[in-house]
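This briefing goes through a predicted model topic by topic. Please keep the sequence and the coordinates open while reading.

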There are 2 protein chains.
Amino acid sequence: MRLFARKGYGSTSVADILQEAGVNAGSLYYLYPGKQDVLLDVLDSYLAGIQPMLLAPAWEGVSDPIERVFALLRRYRSALESTDCTYGCPIGSIALELHEPDPPVRARLAANFDAWVDAIEQCFVDAGDRLPPNTDRRALAVFALTTMEGGVMLSRTHRRLDDFDVAVGMLRAHVELLMVRT
Amino acid sequence: MRLFARKGYGSTSVADILQEAGVNAGSLYYLYPGKQDVLLDVLDSYLAGIQPMLLAPAWEGVSDPIERVFALLRRYRSALESTDCTYGCPIGSIALELHEPDPPVRARLAANFDAWVDAIEQCFVDAGDRLPPNTDRRALAVFALTTMEGGVMLSRTHRRLDDFDVAVGMLRAHVELLMVRT
DNA sequence: GTCTATAACCCGATAGAC
DNA sequence: GTCTATCGGGTTATAGAC
């Protein structure tokens, strides 16, 4: 998980994994048919960890549903900040690294995105009548994800937090415009 | 350019390039010191092509500056549509594929993003007083780029246009909310 | 289950003839 | 300038001892 996040899937060799794990080839291939199955396991772990490893820490002490959206985005900001903007979202990185069909991999990437969007959609649902009644809360959640992923991409490229902050700032402006107009 | 867009940089071998170009190794290495220099040249070509190859066709018959923003986004939608959502923005793909520092590559990716944002910023500037006077037009342009890149990422992963359309729809909603409030 | 050694292959890059 | 042939090294995966 650590290696795929830092170097991507293709640039991580099996030898890298063996060294990082302090294990020899025989052990890995005893557990996994091949390298791709390690990735599948990693992606399953991300999915299983969304609630306990991502949302729970991000939302500690934050009960307001709208603020929870931005508290989650702040987690990604912290990841960028603490790595000098070298990595943000590992799912997004692998998603754009994937060029072959690879259905099992893509299905798990999609499941991760879906779970993320589900959680944020629920925040906007919980916001209730603070948003106009006809608000498409699912669409807002998708928009939050595209904003985060796009912001991470630009910040990683420019090696500065600016673009991420600008994108999230615009998202907040949009949500606040919606709320004002209720 | 074609290969890097379809398969990414790492997954494109020099042999692939030679075959696609109908050329032998000696010729390529006579012109380029190595594979990475081919990428640099490709990225320079993208930059040089932004106006004639991307903006000009997108904006043919579209003079309204706000509509030009969405006409450009429609080009990316077409790219997704005509490839069954297998690729969208080649610059974004390479940007997230890049994990080493690689300053010369990153500088060119950044230059491509900057040129894109510059062009869209100019659209929002040209929109003049249709937007509130204190509108941060640069921020709006960055937001348009993150929306496109995030939308492409999700649509590629899900292999459907939905997420791209939702993200762009939200961006349009935001711009229209701004215009209504003038 | 874990080890070491290695098979089989593909990679980027080079040498040297023409 | 372009060709063919190949070098040296890294890749995933496997074989077989323990």
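Helices (H or I, at least four residues) and strands (E, at least two) are DSSP runs, numbered from the N terminus. With that numbering, helix 3 of chain B gives the largest share of the surface near DNA strand D, namely three residues, and a residue is near a molecule or strand if one of its heavy atoms lies within 4 Å of it. Residues are numbered from 1 along each chain as its sequence is written, while chains are lettered from A and ligands numbered from 1 in the order in which they are written. Because this is a predicted model, local features need pLDDT of at least 70 and side-chain atom pairs count only at pLDDT 80 or more, whereas totals for chains, interfaces and linings use all residues; side-chain values use heavy atoms, with hydrogens and water left out.

**Chain A as a whole**

- Chain A has nine helices and zero strands, and its C-alpha atoms fill a box of roughly 60 × 35 × 30 Å when taken along the principal axes.
- Of its 182 residues, 52% count as buried, where buried means under 20% relative accessible area, exposed over 50%, and partly exposed in between (1.4 Å probe, protein chains only).
- Among the contacts in chain A with a separation of 6 or more, 63% come from residues 24 or more positions apart, a contact being heavy atoms within 4.5 Å.

**Relation between the two chains**

- Chain A is superposed on chain B by a rotation of 180° with 0.0 Å of shift along its axis, at an RMSD of 0.0 Å; copies are superposed by least squares on the C-alpha atoms of residues with pLDDT of at least 70 in both.
- That is the relation of a two-fold axis, and in chain A the C-alpha nearest the axis belongs to A:Gly150, 2.3 Å from it.
- The copies meet through the same surface, because 98% of the interface residues of chain A are also interface residues in chain B.

**DNA strand C**

- The residues around DNA strand C come from both chains, including A:Val23, A:Asn24, A:Tyr30, B:Thr12, B:Val14, B:Tyr29 and B:Lys35, and sugar and phosphate account for 69% of the strand's atoms that come within 4 Å of the protein.
- Polar contacts (pairs of N or O atoms within 3.5 Å; within protein, one must be able to donate a hydrogen and the other to accept it, and residues adjacent in sequence count only if both atoms are side-chain atoms) include a polar side-chain atom of A:Asn24 at 2.7 Å from a phosphate oxygen of DNA strand C.
- A polar backbone atom of B:Val14 is 2.7 Å from a phosphate oxygen of this strand, and an N or O atom in the side chain of B:Tyr29 is 3.0 Å from a phosphate oxygen.
- Helix 3 (25-31) of chain A and helix 3 (25-31) of chain B are the elements that give two or more residues to the surface near DNA strand C, and helix 3 of chain A gives the most, with three residues.

**DNA strand D**

- Around DNA strand D the residues include A:Thr12, A:Val14, A:Tyr29, A:Lys35, B:Asn24 and B:Tyr30, and 69% of the strand's atoms within 4 Å of the protein belong to sugar or phosphate, the rest to bases.
- Phosphate oxygens of DNA strand D lie 2.9 Å from a polar backbone atom of A:Val14, 2.8 Å from a polar backbone atom of A:Lys35 and 2.7 Å from an N or O atom in the side chain of B:Asn24.

**Buried and exposed positions**

- A:Ser93, found in helix 6 (residues 90-97) of chain A, counts as buried at 3% relative accessibility.
- Not counting residues up to four places away in sequence, A:Ser93 touches A:Arg156, B:Leu96 and B:His99.
- Helix 6 of chain A is mostly covered, with eight of its eight residues buried, and these pack against helices of both chains, among them helix 7 (103-126) of chain A and helix 8 (137-158) of chain B.
- B:Met53, by contrast, lies in helix 4 (residues 35-58) of chain B and is exposed, with a relative accessible area of 62%.
- B:Met53 and B:Tyr29 are 24 residues apart in sequence and 28 Å apart in space, C-alpha to C-alpha.
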